[in-house]
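Subject: Handover of a structure and notes on it

Dear colleague,

I am handing over the structure below for your attention. The notes that follow set out what was found in it.

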Amino acid sequence: MPQLPDPVLTICPACGAANRIPLTRLGSGPVCGKCKGPLFTGQPLAASADAFARHVGKGSVPVLVDFWAEWCGPCKAMAPAFAAAARELEPQMRLLKVDTEAAPELAQRYRIQSIPTMILFAAGREVARTSGAMPAQAIVNWARQQIG
């Protein structure tokens with residue numbers, strides 16, 4: 001995993017507040033200073049365009065985004081694998097799911113041409129992408145390899 005800054009800036013999945021967490025406390029179940037909800041749940045977060053912008057643009061934790069659609073069979077088949085990857089990759093990485101039908105502006109901005117497509121962001125920038133369904137361990141291995 002990349003060297004994360006200390007403290008880490010992470011966005012609350014419940015209220016969207018930015019939280020500074022000492023690196024030594026990142027893995028100990030930190031909670032939001034505003035709403036007291038857990039900052040990491042071990043589950044991918046369904047993200048609107050606004051939530052995507054907060055997590056990718058403001059947080060310092062790398063973000064792995066699954067661009068998917070409800071009608072897509074491979075997307076539905078990969079959903080449990082993506083959820084399993086979240087349990088293994090958090091809190092060193094945030095996992096988001098963006099429904100391309102609900103957020104077409106994001107799909108257009110990132111030129112999503114096939115789904116599922118995963119894009120890994122670090123420091124607000126795209127660092128890698130891959131298309132096609134993958135099993136959980138392949139997702140984990142791919143994401144870790146991209147971050148270095």
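Two residues are said to be in contact when they have heavy atoms within 4.5 Å of each other. The model is a predicted one.

Threonine 100

By that rule, and leaving aside its neighbours within four places in sequence, T100 is in contact with F67, W68, A69, A107, I112 and I115. T100 is placed in the loop between β5 and α3 (104-109). Its relative accessibility is 11%, so T100 counts as buried, the cut-off for that term being under 20%.

Helix α2

Helix α2 covers residues 73-89, which makes 17 residues. Because each residue is expected to add 1.5 Å, α2 should span 24 Å, and the 24 Å between its end C-alpha atoms agrees with this. The helix nevertheless bends by about 35° at A79, and a proline, P80, follows within four residues.

Which residues of α2 are buried? They are C75, M78, A81, F82, A83, A85, A86 and L89. The elements that cover these buried residues include the strands β4 (63-68), β5 (94-99) and β6 (117-122), together with helix α4 (136-147).

M78 may serve as an example from this helix. With a relative accessibility of 1%, M78 counts as buried because it falls under the 20% cut-off. Apart from its neighbours within four places in sequence, M78 is in contact with D66, P116, M118, G132, A133, M134 and I139. One of these partners, P116, is 38 residues away from M78 in sequence, while the C-alpha atoms of the two are 8.1 Å apart in space.

Proline 116 and threonine 130

P116 is found in the loop between α3 and β6. The peptide bond that joins I115 and P116 is cis, with omega about 0°. P116 is also one of the residues in contact with T130; the others, outside the four places on either side of T130 in sequence, are T117, M118 and W142. T130 belongs to strand β7, and its relative accessibility of 17% means that T130 counts as buried.

Backbone features to note

Most residues other than glycine have a negative phi, and most peptide bonds are trans. Against that background, the following places deserve attention when you go through the model.

- A cis peptide bond runs from D6 to P7, with omega near 5°; P7 is placed in the segment before β1.
- R111 has a positive phi, near 50°, and is a residue other than glycine. R111 lies in the loop between α3 and β6. It is exposed, since its relative accessible area is 65% and the cut-off for that term is over 50%.
- A123 is not a glycine either, yet its phi is positive at about 55°. A123 is found in the loop between β6 and β7 (125-131). With a relative accessible area of 77%, A123 is exposed.

The loop between β2 and β3

S28 has its place in the loop between β2 (18-21) and β3 (45-46). At 47% relative accessibility, S28 counts as partly exposed. S28 and F40 are twelve residues apart along the chain, and 9.9 Å separates their C-alpha atoms.

The cavity

Rolling a probe the size of a water molecule over the atoms shows where empty space is left. How many cavities of 30 Å³ or more does the count give? The count comes to one. The space in the largest cavity is about 40 Å³.

The residues that line the largest cavity are L9, T10, I11, H55, G59, S60, V61, V63 and R94. Strand β1 (residues 8-11) gives the most to this lining, with three residues. By character, the lining divides into four nonpolar residues, four polar residues and one charged residue.

In closing, I would suggest beginning with M78, which is buried in this predicted model at 1% relative accessibility, and with P116, which is in contact with M78. From P116 one may turn to T130, with which P116 is also in contact.

Yours sincerely,
A colleague

Methods: Residues are numbered from 1 along each chain as its sequence is written. This is a predicted model: local features need pLDDT of at least 70, side-chain atom pairs count only at pLDDT 80 or more; totals for chains, interfaces and linings use all residues. Side-chain values use heavy atoms; hydrogens and water are left out. Helices (H or I, at least four residues) and strands (E, at least two) are DSSP runs, numbered from the N terminus. The expected span of a helix is 1.5 Å times one less than its number of residues. The bend at a residue is the angle between axes fitted to the seven residues ending there and the seven starting there. Buried means under 20% relative accessible area, exposed over 50%, partly exposed in between (1.4 Å probe, protein chains only). On a 1 Å grid over the protein atoms alone, a cavity is a set of points where a 1.4 Å probe fits but cannot get out, and a pocket is an open set with protein on both sides within 12 Å along at least five of seven lines; lining residues have an atom within 4 Å of a point. Grid points are joined across faces, edges and corners, and a volume is the space filled by probe spheres set on the points. Ala, Val, Leu, Ile, Met, Phe, Trp, Tyr, Cys and Pro count as nonpolar, Asp, Glu, Lys and Arg as charged, and the others, Gly among them, as polar.
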